[in-house]
Each structure stands twice: as structure tokens, then as C-alpha cells.
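Please open the model in a viewer and set it to a ribbon display with side chains hidden. The tour below proceeds by selection, one stop at a time.

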Amino acid sequence: MRHHGRTVTTVSVAALAVPMAAGVALGWLVAGTNLAPKGVPEGWAFPLYLAVALSITAMPVLASIIRDRGLSGTVPGTVATAAAALTDVVGWLLLAGVIALAGPGGRSPAVLLGLLACYLLTMVAVARPVLRRTSAIPGVLRDGPLIAVAMLSGWATNSLGLHAVFGAFLAGLLMPRNADGTPDRELVSWADRTGSLLLPVFFVTTGFSVDIGGLGPADALLLPALLVVAVATKLGGCALAARLGGSTWRQSAIVGALMNTRRLTELIALNVGKAAGLLDDRWYALLVVVAVATTAMTGPLLTWFQQDGQDGPGQRATRPARTTASGSRAASRPT
């Protein structure tokens, strides 16, 4: 981050601003036509939600791809990881704001903001100290209070008209940590075990909710348009921003391909939007296909962008010196 702050900043801004601008424009274009989602209130709600949905990057999937591709510690890997982390935080806040203001519930914005402030104050002033104290007591089941707080927090945000995932996310942020800021492995292990069991169920239920057969002839044109907009704004916008930040064209292309990864985080956001009444079955199916397709193309794109070098672009500047057959040391050469 110290060496690539300028590039990370430009990529983060582009990763949010460009897809969001395109999402708002596309949402307003389809409003009032037969392509608009059925049953969604007219106005700015759907365009704003579509803007946030198109700007999302799947941080966990991106990190896994970077590790598997050997891009950890490289310029593209560092820039993409940092930019995705920043955009993830802003994206979740924007999504929560859109759901809170446009979702069901019948409350005025002032009442909703007041209730939300009370909830946040309770979590910080009450739940956080309780978690810290109970986790420090020897012989106490340390997982129990955390599970209870996570469940209650999810219930609270769901009651406020948000989604339970926001409450669970905040509970994770308030979880007691070690002195160096890392999560307590004993406390987080229950979440890892539960996640490994329930994550496949989430994908199965998401797949059952997608009705490809319900798409009509007009959707045959809308789906490619959505794919083009999603890829051009995310991959193209981030690649151009990385180039403006000082990266080479090949490094910039890799950054763009990585930032175009959407899968898990996008699917969660789509389920949140559908539960809030901001998507109908057609648009839900279309955006799920876009999320899967943009993630599936990441691997082939990275292979294409990396094919000119053995180590791939953005690797360390030099190879270690090697010993030749004659015993002499070969000079390091740039990669």
C-alpha cells in the first residue's frame, strides 16, 4: 500500500463511480418500459440498487484467485486486494442505505435513522463490552455469547427493514480480537465450521430461485447488454484507472480482470435486493447469470494476460541468482 497508494485510490474510485453511473443510467433507461422489473416501485429505488449491484467486487473470491494464481505480493495482486477491500466497505454501506430507504417497512426516513442509531449505539456500548468480558472469563463457553449477539443483531437489522446479513456483519466487526488486531481463532472457528456447512446450501437455494425459463425474447437482448455494461465498466474502468495510477498496461489489465470478479458477494447482494422487493424474478435471474459469468471469465482472462511471461506480469523485478552447470553464479535478469 505504501508504494501503490495512488494506484489503489484511482482504482477504488473507478471501481465504484464508473459501474454506479452506468447502473443509474441503465436503470432509468428501462424504467417505464416492458424491460423494467415488475412490482418494483417506480422512481430512483431500482436505478440506485442496480448501480450498487454492478459495482460490487467479491473480495473473498478475489483473494482466493490471487493466492491460487501466485499473484500475492505482486503489483496487480496488491492493488486489486486493497481496492477491493475499500470498495467492499463502501459498497455494503451504500447497499444498506438503499435497502433502508427504498425497502418495505412503512417507516419514515427520520424514524428509521433514529432506530438505526439506537441499534448501533446498543451494539457498541453494550454488546461489545459484554463480548470482551465473557471471552476473558476462563472456563466459560466463549462461543455462546458471540452466537447469541450475532443472531440478535441479525434479527434487529431484519426488523429495521434491512437484511439479517448486515447485523451478522456488524457482530463480526465487534468480535473480540487479539492484541495485534487479528481475530481470535477459537472464537471464529465456529463460524468457519458453520459456514462450510451452510455455504453450499446458500448456493443451492440461490440456484433454485433462478428461473431461466421465465426469461422472454426481450431478455435475450437485455442479458448481453447487462454483461457488456458490467464488464466494460468494471474491468475497463479499473484497468484504465490502474494505468493512470502508474501501472503497466498488462498489470492494469490483470487488475481489471480481478476487480470484475463478483460471485459470492454479488449473490448475497442480489438476495438482499430480492427480499427487499427491488428485484423481480426476471431481473434476479439476469443478474445472477451476470455474476456467475463475470467470475467465470476471470481465469481465462488472467491466463491470457499472463501468457507473455513465465511468472506473469507484476512479479518481482528480478529472479534470484542461479548456479550454472560450471559452478558459476548467473546474473539476475529482469522478468
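What follows is a series of stops, each naming what to select and what is found there.

**Overview**

Begin with the protein chain as a whole, bearing in mind that this is a predicted model. The secondary structure of the chain comprises 13 helices and two strands. Of its 335 residues, 44% are buried. The chain exposes about 16800 Å², and carbon and sulfur atoms supply 68% of that area. Among contacts between residues at least 6 apart in sequence, 75% join residues at least 24 apart.

**Stop 1: helix 2**

Select residues 45-54, which form helix 2; nine of its ten residues are buried. Which residues of helix 2 are the buried ones? They are A45, F46, P47, Y49, L50, A51, V52, A53 and L54. To see what covers them, display helix 1 (5-30), helix 4 (75-102), helix 9, helix 11 (263-275) and helix 12, against which these buried residues pack.

Now select L48, which also lies in helix 2. L48 is partly exposed, with a relative accessible area of 32%. Add W28, W44 and L101 to the selection and switch to a surface display: together with L48 they form a nonpolar patch on the surface. The accessible area of this patch is about 420 Å².

**Stop 2: from helix 2 to helix 12 through two rings**

Return to side chains and turn to the aromatic pairs, of which the structure holds five. Select F46 and W283, whose ring centres are 5.0 Å apart with the planes at 75°, so the pair is edge-to-face. This pair links distant parts of the chain, as F46 belongs to helix 2 and W283 to helix 12, 237 residues apart. Are these two residues buried or exposed? Both F46 and W283 are buried.

**Stop 3: the second ring pair and a ring cluster**

Select F202 and F203 next. Their ring centres lie 5.8 Å apart and their planes are at 65°, so this pair is edge-to-face. F202 is partly exposed at 22% relative accessibility, and F203 is partly exposed at 30%. Then select W92, F166 and F169, which ring pairs link into a cluster.

**Stop 4: the salt bridges around R282**

How many salt bridges does a search of the whole structure find? The search finds three. Select R282 and D219, which form a salt bridge with their closest N and O atoms 2.7 Å apart. R282 lies in helix 12 (residues 281-296) and D219 in helix 9 (residues 219-244), so the pair ties together parts that are 63 residues apart in sequence. Both residues are buried, R282 having a relative accessible area of 15%.

Keep R282 selected and add D280. R282 forms a salt bridge with D280 as well, the closest N and O atoms being 3.9 Å apart. D280 counts as buried, with a relative accessibility of 10%. With all of these side chains shown, the viewer displays a network of salt bridges linking D219, D280 and R282.

**Stop 5: K274, its salt bridge and a ring**

Select D281 and K274, which form a salt bridge with the closest N and O atoms 3.4 Å apart. Here D281 is partly exposed, with a relative accessible area of 48%. K274 is likewise partly exposed, at 27%. Next add Y284 to the display. The charged end of K274 sits over the ring of Y284, 4.5 Å from the ring centre.

**Stop 6: W190 in helix 8**

Finally, select W190, which lies in helix 8 (residues 185-209). Is W190 buried or exposed? At 16% relative accessibility, W190 counts as buried, because buried residues are those under 20%. Leaving aside neighbours within four places in sequence, W190 is in contact with D143, L146 and I147. A distance may also be drawn from W190 to G144: the two are 46 residues apart in sequence, and their C-alpha atoms are 9.9 Å apart.

**Returning to the whole**

To close, display helix 2 and helix 12 together with F46 and W283, the edge-to-face pair of Stop 2. Then add R282 and D219, whose salt bridge ties helix 12 to helix 9. Helix 9 and helix 12 are also among the elements against which the buried residues of helix 2 pack.

Definitions and conventions
Residues numbered from 1 in each chain as written. Predicted model: local features only at pLDDT ≥ 70, side-chain atom pairs only at ≥ 80, totals over all residues. Heavy atoms only, no water. Salt bridge = Lys/Arg side-chain N within 4 Å of Asp/Glu carboxyl O. Helix = DSSP H or I, 4+ residues; strand = E, 2+ residues; numbered from the N terminus. Buried < 20%, exposed > 50% of the residue type's maximum accessible area, 1.4 Å probe, protein only. Contact = heavy atoms within 4.5 Å. Patch = residues over 30% accessible without salt bridge, like charges linked within 9 Å, V, L, I, M, F, W, Y side chains within 5 Å. Areas by Shrake-Rupley, 256 points an atom, 1.4 Å probe, with all protein chains shown as cover. Phe/Tyr/Trp six-rings, centres within 6.5 Å; stacked < 30°, edge-to-face > 60°. Lys NZ or Arg CZ within 6 Å of the ring centre and 35° of its normal.
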